[in-house]
Amino acid sequence: MDDSRVFTGESSGSPHHTGAGIISKIRLENFMCHSSLEIEFGEWVNFITGQNGSGKSAILTALCVAFGSRAKGTQRASSLKDFIKTGCNYALVSVEMKNQGEDAFKPEVYGDLIRIERRILESSSSTILKDNQGKKVSHRKDELRELVEHFNIDVENPCVIMSQDKSREFLHSGNDKEKFKFFFKATLLQQVNELLENIRGQLDAANAMVDELESSIRPILKELNDLQVKIKNMEHVEEISLQLQQLKKKLAWSWVFDVDKQIQKQGEQLEDLKGRIPTCQARIDRQLVKVEELKGQLLDKKNQITFMMEKTSEVRKMKDELQHDLSLATKERLELEEEHNRRNNVIQKMISHVRRLEQQIHDIREQHVKSTQADEHEVEERLKNLQEEVDLANTSLKRLKEEEDALSEKLSLATDAVRKINLEIEENEKKYRDICDHIRELQRHRSNKVTAFGGERVISLLRAIERHHRKFKRPPIGPIGAHVTLVNGDIWALAVESAIGKLLNAFIVTDQKDALLLRQCSREANCQHLQIIIYDFSRPKLNIPNHMLPHTDHPTILSVLHADNPTVVNVLVDQGHAERQVLVRDYEVGKSVVFEKRITNLKEVYTLEGYRMFSRGSVQTVLPPNKRIRTGRLCSSIDDQINGFEKDASKAQELVCVGKGRKRDAEEVCRDLRDKLQSIKKRRPNTERDLMSKEMTLSDLKNSYAAMASSPLAPNVDELCQEILQVQEEIQEKEIVLEKFRVRMTEAEVKANDLKISFENLCDSAKGEVEAFEEAERKLLLIEEELHSAENEKAHYEGVMQKKVIPDIKAAEAAYEELQHNRQESHKKASIICPESEVEDLGGCAGSTPEQLSAQVKRLNQRLQNESQRYPESIDDLRLMYEKKEQRIKRKQQTYEAFRNKLNVCQKALDLRWSKFQRNASLLKRQLTWQFNGHLRRKGISGNIKVNYEDKTLSIEVKMPQDASSDTVRDTRGLSGGERSFSTLCFALALHEMTESPFRAMDEFDVFMDAVSRKISLDTLVDFAVGQGSQWIIITPHDISMVKPGERVKKQQMAAPRV
């Protein structure tokens, strides 16, 4: 704040020059419209006049380019190469500045004159700084930037160089924010504010860095804690090692004690095995005695059976012979019975054949009698009756076919009716579902109207915009539908939706950068195909003249809408042509308005039903309503809409119920017709079969009648009688043979019965002897089984003795000796580790087996190994490491604490400077009003300037002396052109008094002034320039003869432009 170049006091009355920073000469080559131009400037006021197109403004543009301004900053070109004159390949701007006095810039290097040359080529540009002798001093941009900052030359500051465009914009601007920007930048408050904000940002970054550094030592503090835990654990490891050594000693002697227990147990087991030998030998001896006894009993029984076998051998031989003869006799009897039955069957077949032949002869004779006695008249009568039945059957079949065709046609019509009713039901159900969906959508809109213009995705989009709101230059407006409402109720809702429905979901942004950022937000919210409209938010609400509106009594889209934002109204006019779209109530009236009246400025006509009508030349077009238009989004009363749609849904549901009832009735009719048709189809085959049967009967009767008339005499019956005689003779012969077989069969049966009786008598006589023999054989088998069992038992005990008892005893003895040997080895090893008395002092091994002790040793060993791997360092190394880290952490904590204290001091200094900045800004605000009033008094005007730093606005209040009402004009647009230009000039001069620069330039500042205002303004400007003591370059296309001549005023005329 101490280096600010803003004047806070009144300007001195005596002008003076330091001679540093004044432009003495400018030379242009191939720059814009100049091929070669050289102008020398005076040290005070310089007027440059000339016709339009003579290249006056190019001089100020050249000054901006020479002092490092970009092409876009001049508002005359988009790149530097555009300044090269057409047909040339380079451009040169050379500016000479005086460098004298105590404010000179590096006088020891440049001398009393500095020459700045900027050469522009097609692909590049360069800047050279030369001394008073024309020698090159530097070509670095940093050197030029240092020179500009030294002389406080800000060519983009309107108070230093006010170009033609800036003059027009400044003179015409009624925007308070634009005036504030002009004031804020001209007084260098913006530069100081940005500097303080930059410092604040750097302090915040430094605080964040210190926070990060403080957080970076937290892991080291954690390492210190871990080291402390490691040290404690290492002390615990030593205890584990000692415990492990004691367990190893106990384990060594536990093996000895365990072997002693095994030896004792093995000795007891050996004694038990030796005690089994006498028991096993006693069992073997008992089975041996039993075997000898059974062998003697077996020998006695065999002798007894041999005697009984000799005694019964003859009886058995006779029994076998009788049994064999009985079998042969039975077989012969059965064979004779089979042959007798076969021959008897043959005779029965021959008898049947004779009977058939006799029946055939009887039939032939009876048929011959009937045929000869039949009456020819009766046959013809029967044929006639059959023919009538056939005709009647044909008529019945034809009638059934006609009924079937009629029923089929009725069934087809009924089926079509069911199909149509089904289509009506589906249409009404679809309508009911659509209405229910619309009701649900309206219910969602009732809680949040914004969802009507994009659904839930637009809510996500608005949240994304809220998250990124700081990045937008101006907050986006949208969706447009959420910012508009209908004025005269909801009558025009459908028509307005049809006209501008596509714009209702759109968003509005102020520039292309905001559009790209909004597109990114839409992708983040998954809101695809979002319509984005770019429009300048600073433009006021459009005031459309009456001659540009349709001349009709019907309302327009714009007249029935109310928007809460002027930008929305402008977009509806520019993008949707809402002011040229007319609304009518009736279809015929709409056609009359758009096609017959030929109203000017009329674009389209929309009816209440949504019909769209327009005329393009001789073509007249009427478009029906769009069924997919979502009506109701602009309606004010959503509850009324919901009630209306609920009534429509109820009607649709009633129509569905009525349709379903009609469908059931029609389906019942179809079922009845289908049943009748099915019944007829079932009756028709029976009728066809009946007809076919009668036709065949008629045909057979006709054929039979014809055969009777032409048949020969009956066949000869004698052949059949002769055949009967032959068969009867064969039957008699076979009956004789059959009688012989019957006699032989009787004899065989008698023989078989005799043999059977003899066999039974023999069996009865030998029954006692056979039973005694069989009993002896049974006892013999039992003795043999007992003998076999006793021998097996004896062999078993002998095997147990040899294979089990004796080997077990030998194995037990070997194990006992091995245990003795192991005991000696274990005792020897344990004695090496430690004496037995030491183990007893430790408490002995009672209650613990070697396996348990081994497991404990293994666990302790694994634990010791794990702890050793976790902490490979020694405990002394760990303690030394802990001390070093602790000292390093303390040093860092002290350093970071010192950083924090310095940052706090810087923060306090920044707060102090910020308070000084605000105090100076308040003083500058009052000073601006004083100096503004001082310049207005030259014309008898008074005014006031209000600056609001919070809203960033600057308003000018001017009170004219001739205004009898004494009302304050708050906007310069309310003044005439000359008064507005003069008051704006006074505002600019007040700002000039508050800024410092070695030279100033203004272009066409008097463009809108009348002669009197220009005379007063020029005098005021010259007096101010001379009084302030800086160099002024004033460019104007008007006559300046009214300017009072003087030695400090220099006038130059530009050559007329070439035609």
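**View 1. The residues around the second largest cavity.** In this predicted model, the second largest cavity is lined by Asn-152, Asp-154, Asn-157, Cys-159, Val-160, Ala-186, Leu-188, Thr-995, Glu-996 and Arg-1000. Its volume comes to about 70 Å³. Searching the whole structure turns up four cavities of 30 Å³ or more.

**View 2. An open sheet built from five strands.** Follow the sheet across and you'll meet its strands in the order β8-β19-β20-β3-β21, with parallel pairing. At the edges sit β8 (161-162) and β21 (1049-1053), each of which pairs on one side only.

**View 3. Where β8 meets β19.** Here's a closer look at one edge of that sheet. Strand β19 covers residues 999-1003, and two bridges link it to β8 in the parallel sense. Looking for a pair to pick out? Try Met-162, whose bridge partner in β19 is Met-1002.

**View 4. Helix α1 lying across the sheet strands.** Helix α1, made of residues 56-66, lies across four strands: β3 (45-49), β8, β19 and β20 (1031-1036). The helix runs at about 140° to β19.

**View 5. Glu-96 and its surroundings.** Now we move to strand β4 (residues 90-99), which is home to Glu-96. Glu-96 counts as buried because its relative accessibility is 13%, and the cut-off for buried is under 20%. The side chain of Glu-96 makes a polar contact of 3.1 Å with the side chain of Arg-115. Beyond its neighbours within four places in sequence, Glu-96 touches Ile-22, Ile-23, Ser-24 and Lys-25, along with Leu-113, Ile-114 and, once again, Arg-115.

Definitions and conventions
Residues numbered from 1 in each chain as written. Predicted model: local features only at pLDDT ≥ 70, side-chain atom pairs only at ≥ 80, totals over all residues. Heavy atoms only, no water. Buried < 20%, exposed > 50% of the residue type's maximum accessible area, 1.4 Å probe, protein only. Polar contact = N/O pair within 3.5 Å; in protein donor to acceptor, adjacent residues only side chain to side chain. Contact = heavy atoms within 4.5 Å. Pairing = 2+ DSSP bridges. Axes fitted to C-alpha atoms, helices over the stretch in contact; angles between N-to-C directions. 1 Å grid on protein atoms, 1.4 Å probe; cavity = no way out; pocket = protein on both sides within 12 Å on 5 of 7 lines; lining within 4 Å. Points joined across faces, edges and corners; volume = space filled by probe spheres on them.
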